[in-house]
Amino acid sequence: MTTEAYIYDAIRTPRGKGKQGGGLYEVKPVDLVVNLLDAMKARHDLDTSKVEDMLLATGEPINEQGMDIAKVALVYADWSDATTGAQLHRYCAGALDAVNLAAAKVKAGFEDLVLAGGVESMSRLGIGASGSASGDPWVAFHSYSISQGIGADLLASLDGVTREDVDRYAAQSQARAASARDNGHFKSIVPVKDMNGVTVLGHDELIRETSMEALAKLNPSFKMFGDFGHVDLAKFKYPQVENIDYIHTPGNSSGIVDGASLVLVGSEQAGKEQDLTPRARVVSVALVGTEPTIMLTGPVPAAEKALKKAGLTMDDIDLFELNEAFASVVLRFQRELNVPDEKLNVNGGAIAMGHPIGATGGMILGTLLDELERRNLKRGMACMCAGGGIGIATIIERV
Amino acid sequence: MGYIRLEKDADGIVELIFDQEGEKVNKMGDEYIEAMTKAVDEIEAMKDDIKGVYIRSGKSTFFGGGDLNKLLEIPTDMSEEEKTNMYNGILNAKAPLRKLETMGLPVAVGINGAALGGGYEIALACHYRVAIDRSDVKIGLPEAQLGLMPGAGGVVRMVRIHGLTEALTYISQGKQLSGQRALDKKFVDELASDEADLHAKAKAWILANPEAKQPWDQEGFKIPGGSPNDKDMDQALMGLLYFGPVNVMVQSNGVFPAPKAIFACISDVARVDFDTAEKIESRYFLSLLLSQVAKNMISTFFFQLNALENGASRPSGIEKTDCKKLGILGAGQMGAGIAYAAAKVGIEVVLKDISQENADKGKAYCQGVCEKLQGRGRMTDEVAATLLGLIKPSADAADLAGCDIIVEAVFEDRKIKAIVCKETEAVTDASSVFASNTSSLPITELAEASVRQENFIGMHFFSPAEKMPLVEIICGKNTSDETLAKAFDLSIKLGKKPIVVNDKRGFFTTRTIGTTINEGAEMLLEGINPVLIDSAAKFNGSPVGPLNALDEISLATAYKNGKQEKADVEATGGTWEVKAAGILLDRMVEDFDRKGKIYGAGYYEYPEDGKKYMWPGLKEHFAPNGYKEIPFEDIQDRLTFCQSLETVRAMEEGVITSVGDANIGSIMGIGFPAQTGGVIQFINAYGVKEFTERAKYLAEQYGPQFEPPQLLLDKAEKGETFQ
């Protein structure tokens, strides 16, 4: 029998608005990580020499988030020399992929205690700072890449989803997130503190009061890309499409924020040695590749693949956390898999709280675990879409 | 084998003179590479004893491009070794130019005629470029127009001279400049009045600039407008590199390889040093040499078009004729467009209609065309006045006296056509030609109204006639060679491309485009998603889809023409064949009152405040239980194969005999995808045998309209292409 991979903890920073003036703008990305490393060590009185590796995702591995920010953070945080680190990129799915890879290493028996997570300071690095191989013209001629937002609008057009549908979903996300915050459901949040121990930011900053009327007034975010040909380019893959409606706005797309996440994964034996209590086990994980131009259709097949690997059905899953990259992504997931409202993103998601690209996967996994515990439920699934048509899913089960 | 002469003058300047033996124009090929390599080596050996190098031509023109005949012979499926040899050959063509520009001697070039393609690439490698200020001294890199790109350092140097944005414009549009424009746009550094002045200016510069170096070989050189490598990249450049490829794809439907290679190459060569850049350029260039599209385009737009313009389809032995006065019957949009085209080239025009008012409307149309150009600064008031002054609107047939040629552009009704023919012939000379601008009525039958049937011919212009380049000339049974020659010469004078076909209802272009319009209707009636039908045409590389095309022409017009044709066929004892296009038109016009774009409702809906979209009623009426799914590739092929197959049938029937005329006519007249090289080249490039097999498959799946005709079967059997 293979070793089980247990989740011993999943923590995250609060999410600060990803712009100048945002609550975490003054904080360097490496300090976001170090806050979590300090907390992880303190919460469990960890012998850091027993943590073998840290896989840390980021969407912009450049400048102050550049090269191997994981190892830099470990050295800087005075963890054991024995702990190694690696930077990882899987577009928006990085942190969840880090968790899955950590679990895989543990299950394989190659390593026993591994950290996984991600970090993103969008206020300091922005989007696109690290460049992209896809930005090359010759590559572009062969890839049919479009703005993700146009992908979301296209997805909505294909599904017959309207502006009202996506705004309604967005309003629900805000309401659920506000309620969860007010009732203290986000137990995985670790406040970000400065070098003196003074709290810089202790809560998610982006959640805002809204209404259908207010949402309806927002201008579409991605029309410019359509005007510059992205819709026409998408027709190479979707010749049945004539025109699309630009329905995604800042109100019903994921927000731009800063933050970091960290998950401690290990074997039963390693946990015992450190006196750790397992909170859940990783049941199965899945990665899928789907049509890359629209790029947002990975979640459904990823979920199906993870279920199949685990021998489970949709009914066996008590709660779902699907990253709210764009409202249309969630609506497709919900419709195609017939997910009841009360099981899906019950505490809101990235539309309300933001999507710190590389870090989000660890965050939604932590939110999922907190909520399973709070409701005393058994199984949950975290799922995401990512660039290039990648879909990712992780099924966990409380122990 | 003589190609290059080296002559040292009294000032110690070596003249490198291109004068390829046995050729009218210097060409870039193996002989050039060998001669140039040797010449540059010789110059290097004497470099300490000379002041500089002056490159010029020993012919009346400067230098042409590559040898296109050789390019056509390059197979598309070479071994790696063969391709490596070709790649090395490309590098070898560049090597002497690079050596010369870095030798430490000032190098100037004197451009005394066309310097296009390879010729201008040689000039670009010189430190100083002087050209004679004369309209025939055309300078530029037109390779893109034949599906190619510069491959002898042209891209590398243009990027470094002009920056990425401008280099992209010049190379992808194949701009040719002369005189002041060439100077203003930095294509040349100085203008000269004549040959003597040319040599003097170039040599004076050499003597004054002993330390000359290319900008890109100087310390601290930066590409104008920035490079993609810049840490803080110029915003405009960033926008170009991000949205530019999208634009190329959307504008060309992705079917042309050259614009893609040029764009990518321009970006790539800006990222690396000069010598690496030359390698990269060679790789992109080779990719185009190996592409089928470049072969299609060279074959059709160079060889076949040249042959057409040189009169391959014009009867030989008849002296060139010159139409000085043209009569046009019918001052509608077609007649007026022809009048404009004729007046533009200085032909006196009588534009006749049944009333002065109608005739005046025709002239007003011409005025409108002028005003549009004047508004954009593309026509002077003087030119417009002269042009309009040549057009005499009239309601009096007597004004037609003295016309060399009459073009009849009245309604497609035999009776009306017969009346105007008789009326005209009563006043015109016995030598004057009567040309009917019918799009489908048999010329031989129309000629029955004429007392001079040998002077009667068809000249089918395309709308808008002031713009569309094609004229389909139709010979009736009794049309004389002299008449054909006159119609042909007039077309050339109008700046049009005349193709010559024989007489049968629908001729070549109308019957051919009819098949794709009909296939679109066929698919719609089968319950295929109409959006996919027009998308398929678009991704084939057609300017518009069949449904869109009919909306533009207007369904009402097509409906009326169809009824007219049916009446005409039946009246002349024929049997009218009911086709999908007719059935669909009947339903659209009679049942749904959807008459086309100008009526605000056709296959598409035309909302006032938004983009047009397919009328949902099409689904409701033709696919009530959901669309029929067939492979998208099949939809695409149905729209092209029907046209190629119809062309082969027209060939079997002797309607069209020239492969070149068929190719050019299909692209310039009826929007067959240009990258294919035309309806027949499409078959050749597909592989005659493979095309035949595919046609058989389509016939099995979708109907007998795809059954390969005997001529095609025979060609496939014998393994022949259409030549």
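**Strand pairing, interface and domains in a predicted model**

In chain A, strand β9 (residues 280-289) pairs with strand β12 (residues 390-398) in the antiparallel sense, over nine bridges. One position in this pairing is A:Ser284, which stands opposite A:Ile395 in β12(A). The model is predicted, and the pairing described here is read from its coordinates.

Strand β9(A) also pairs with strand β1 (residues 6-12) of chain A, again in the antiparallel sense, here over two bridges. Within this second pairing, A:Tyr6 has A:Arg281 of β9(A) as its bridge partner. Strand β9(A) thus has β1(A) and β12(A) as antiparallel partners.

The description now turns to the contact between the chains. On the side of chain A, 16 residues are in contact with 24 residues of chain B. Two elements of chain A, α5 (137-143) and α10 (230-234), each give two or more residues to this side. Helix α5(A) gives the most, with four residues. By residue class, the side of chain A that touches chain B comprises eight nonpolar, five polar and three charged residues.

Chain B is divided into domain 1 (4-290), domain 2 (325-504) and domain 3, the last made up of 510-654 + 687-718. The centres of domain 1 and domain 2 of chain B, taken over C-alpha atoms, are separated by 45 Å.

Helix α3 of chain B, residues 80-101, contains B:Asn92. This residue is partly exposed because 15 other C-beta atoms lie within 10 Å, a count between the limits of 12 or fewer for exposed and 20 or more for buried. B:Asn92 and B:Ala152 lie 60 residues apart in sequence, and their C-alpha atoms are 9.2 Å apart in space.

Key: Residues numbered from 1 in each chain as written. Chains lettered and ligands numbered in written order. Predicted model: local features only at pLDDT ≥ 70, side-chain atom pairs only at ≥ 80, totals over all residues. Contact = placed C-beta atoms within 7 Å. Nonpolar A, V, L, I, M, F, W, Y, C, P; charged D, E, K, R; others polar. Domains from an automatic or database assignment. Pairing = 2+ DSSP bridges.
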